[in-house]
Amino acid sequence: MGAAEPLRSVLWVKQQRCAVSLDPARALLRWWRSPGPEAGAPGADACSVPISEIITVEETDINGKHYTSGKWQKMEKPYAFTVHRVRRARRHRWRWAQVTFWCPEEQLCHLWLQTLRELLEKLTSRPKHLLVFINPFGGKGQGKRIYERKVAPLFTLASITTEIIVTEHANHAKESLYELNIDKYDGVVCVGGDGMFSEVLHGLVGRTQRDAGVDQDQPRAALVPSPLRIGIIPAGDSLAMDVSSVHHNSTLLRYSVSLLGYGFYGDIIKDSERKRWMGLVRYDFSGLKTFLSHHCYEGTVSFLPAQHTVGSPRDRKPCRAGCFVCRQSKQQLEAEQRRSLYGLESTGRPPARLGCNGFNVASAMLLPASEEVEEWKVVCGQFLAINATNMSCACPRSPQGLSPAAHLGDGSSDLILIRKCSRFNFLRFLVRHTNQGDQFDFTFVEVYRVKKFQFVPKPAEDEDGSVRGRGKKRLGQLCSDRPPCCCAVSSSAWNCDGEVLSSPAIEVRVHCQLVRLFARGIEENSKQESQR
């Protein structure tokens with residue numbers, strides 16, 4: 001029998017007679033109860049495991065085991081093989097599980113082993129050799145222990161070899177990725193918190209740009225995607241993810257993959273950095289303090305709408321495994337870039353004018369000369385918060401996230417502008433994140449899907465020669481009306497994936513699917529989706 005042909009047998013699972021089928025064309029292993037000697041049709045209790053979710057398959061050692069059940073007496077000498085697989089648990093968690101299949105004949109057992117192993121060998125997306133960075137201080141000081149007890153056994157089981165580096169100081173992982181020969185690895189694994197992931201991200205993206213001769217400090221440079229994936233999952237598909245580059249005065253500050261927040265979220269992270277001695281409770285304390293302070297910040301936001309995307313921030317279509325929006329948006333972005341390369345794009349229109357409730361209309365002179373053909377839009381005024389999300393940013397306190405319909409790989413960021421409003425209205429906006437309501441359904445909230453944006457704070461307009469200084473000359477006087485409920489402050493800081501950026505004036509560009517993860521995206525059942 002060839003490996004490409006379906007395989008079906010009657011085997012025993014947990015001392016129950018089961019019909020077991022393996023369909024190579026669908027790459028699917030199934031089994032269901034079959035009381036009779038023939039394999040009948042699968043019922044509602046049928047179990048299914050995609051081949052991509054099988055970690056490994058091995059022959060089971062049955063020596064020394066005794067089988068007193070009458071069901072086993074029909075076998076002169078049973079043979080068995082065990083399938084190690086992924087089992088889905090609650091809250092989108094995956095668990096390591098095993099199922100053992102008992103065969104009445106040795107030849108049949110070997111046939112199943114051979115067929116399954118041949119299908120596993122065809123999984124070209126599965127890594128063979130990984131570079132592992134472990135932060136010994138991650139996970140409350142249990143990073144190394146967590147890896148050795150939970151991650152390493154899976155790698156060994158899946159026949160994945162590793163090279164382990166235990167980091168000894170800040171930026172150790174980033175520096176190593178610049179120095180090592182990374183061509184021999186299939187991916188990079190980070191064991192630690194957000195800081196470790198950020199180091200690996202910056203090191204991998206930076207190394208890729210250096211090897212490709214790309215200047216990262218150029219805000220308009222087209223970054224080259226990294227060939228290596230990031231993650232700790234030993235099996236599964238490859239999930240592409242957008243990365244935003246953040247520049248100030250033609251200097252790269254950081255890369256961002258989740259949240260850029262100015263005003264409210266920037267003040268929280270800036271204040272909490274001074275209170276690390278409080279532990280995690282510092283975020284709650286700083287959050288309450290920032291809310292009560294109710295600071296607003298005056299400045300100008302200019303952005304380039306992401307016209308290539310097939311979705312919108314308010315279409316309530318979340319990013320899920322095999323996302324159509326991400327796939328289709330990337331194709332349209334590539335087509336748009338090809339048209340631009342061959343000069344097929346139209347000359348474009350002047351920036352649209354967005355102004356209401358005291359907002360002034362900004363001049364197109366702020367925009368870079370090379371991008372004047374594109375349709376930039378400009379908003380100026382006073383803001384309680386400016387958020388840019390590359391993903392939904394969902395968490396236990398905000399199950400739907402800051403932008404529920406944001407997508408991981410569509411080449412865009414959801415830009416959320418929260419204008420000056422009363423403290424009560426801002427509280428209503430924050431509370432809306434904890435339920436199923438539309439958090440954008442407020443007159444003081446605007447949301448746009450963008451591929452580039454800039455922010456210029458008003459207090460920085462006195463700095464000659466800088467981006468902010470040019471903003472003063474080109475935009476003129478910004479609106480200065482302040483409601484009695486807002487306290488206008490000079491400038492805030494940016495929260496960049498949990499790190500503080502002290503430069504208020506920034507230029508951001510989204511790079512479509514710049515890195516890949518060992519993941520397949522969020523899976524959700526139809527019942528949960530229908531409730532939206």
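Okay, aromatic pairs to start with: this structure has 16 of them. Keep in mind that what you're looking at is a predicted model.

Let me pick out two of those pairs. Take Phe81 and Trp112, whose rings are stacked, with 6.0 Å from centre to centre and 15° between the planes. That pair ties together distant parts of the chain, since Phe81 sits in strand β6 (residues 79-88) and Trp112 in helix α1 (residues 106-121), 31 residues apart. Are those two buried or exposed? Phe81 and Trp112 are both buried.

Now go to Phe291 and Phe426, which form a stacked pair too, at 6.4 Å centre to centre and with 15° between the planes. Here the partners are 135 residues apart: Phe291 belongs to helix α7 (residues 281-293), and Phe426 to helix α9 (residues 423-432). Both of these phenylalanines are buried as well. And they have company, as ring pairs join Phe264, Tyr265, Phe291, Phe426, Phe429, Phe442 and Phe444 into a cluster.

Hang on to Phe264 and Phe426 for a second, because we move to empty space next, and the general idea there is simple: rolling a probe the size of a water molecule over the atoms shows where empty space is left. In this model there are two cavities of 30 Å³ or more. The largest cavity has about 40 Å³ of space in it. Which residues line that largest cavity? They are Gly263, Phe264, Asp267, Thr290, His294, His295, Leu384 and Phe426. Sorted by character, that lining has three nonpolar residues, four polar ones and one charged one.

Let's zoom out. The chain has 11 helices and 23 strands. It runs to 532 residues, and 50% of them count as buried. If you take the contacts between residues at least 6 apart in sequence, 73% of them join residues at least 24 apart.

One residue I'd like you to find on screen is Ser413, in strand β18 (residues 413-419). Why does Ser413 count as buried? Its relative accessibility is 3%, and the cut-off for buried is under 20%, so Ser413 qualifies. Its side chain reaches the backbone oxygen of Thr389 at 3.2 Å. Leaving aside residues up to four places away in sequence, Ser413 touches Ala388, Thr389, Asn390, Tyr448, Arg449, Val450 and Val510.

Another one to look up is Glu336, in helix α8 (residues 324-341). With a relative accessible area of 15%, Glu336 is buried. Glu336 and Gln307 are 29 residues apart in sequence, yet their C-alpha atoms are 9.4 Å apart in space.

Last stop, backbone angles. As a general rule, most residues other than glycine have a negative phi. Two residues here go the other way. Ala27 isn't a glycine, but it has a positive phi of about 50°. You'll find Ala27 in the loop between β2 (16-23) and β3 (28-33). As for exposure, Ala27 has a relative accessible area of 30%, so it comes out as partly exposed.

The other is Cys393, with a positive phi near 60°. Cys393 also lies in a loop, between β17 (377-389) and β18, and β18 is the strand that holds our Ser413. At 19% relative accessibility, Cys393 counts as buried, because the limit is under 20%.

How values were computed:
Residues are numbered from 1 along each chain as its sequence is written. This is a predicted model: local features need pLDDT of at least 70, side-chain atom pairs count only at pLDDT 80 or more; totals for chains, interfaces and linings use all residues. Side-chain values use heavy atoms; hydrogens and water are left out. On a 1 Å grid over the protein atoms alone, a cavity is a set of points where a 1.4 Å probe fits but cannot get out, and a pocket is an open set with protein on both sides within 12 Å along at least five of seven lines; lining residues have an atom within 4 Å of a point. Grid points are joined across faces, edges and corners, and a volume is the space filled by probe spheres set on the points. Ala, Val, Leu, Ile, Met, Phe, Trp, Tyr, Cys and Pro count as nonpolar, Asp, Glu, Lys and Arg as charged, and the others, Gly among them, as polar. Rings of Phe, Tyr and Trp (its six-membered ring) pair if their centres lie within 6.5 Å; planes under 30 degrees apart count as stacked, over 60 as edge-to-face and the rest as tilted. Helices (H or I, at least four residues) and strands (E, at least two) are DSSP runs, numbered from the N terminus. Buried means under 20% relative accessible area, exposed over 50%, partly exposed in between (1.4 Å probe, protein chains only). A polar contact is a pair of N or O atoms within 3.5 Å; within protein, one must be able to donate a hydrogen and the other to accept it, and residues adjacent in sequence count only if both atoms are side-chain atoms. Contact means heavy atoms within 4.5 Å.
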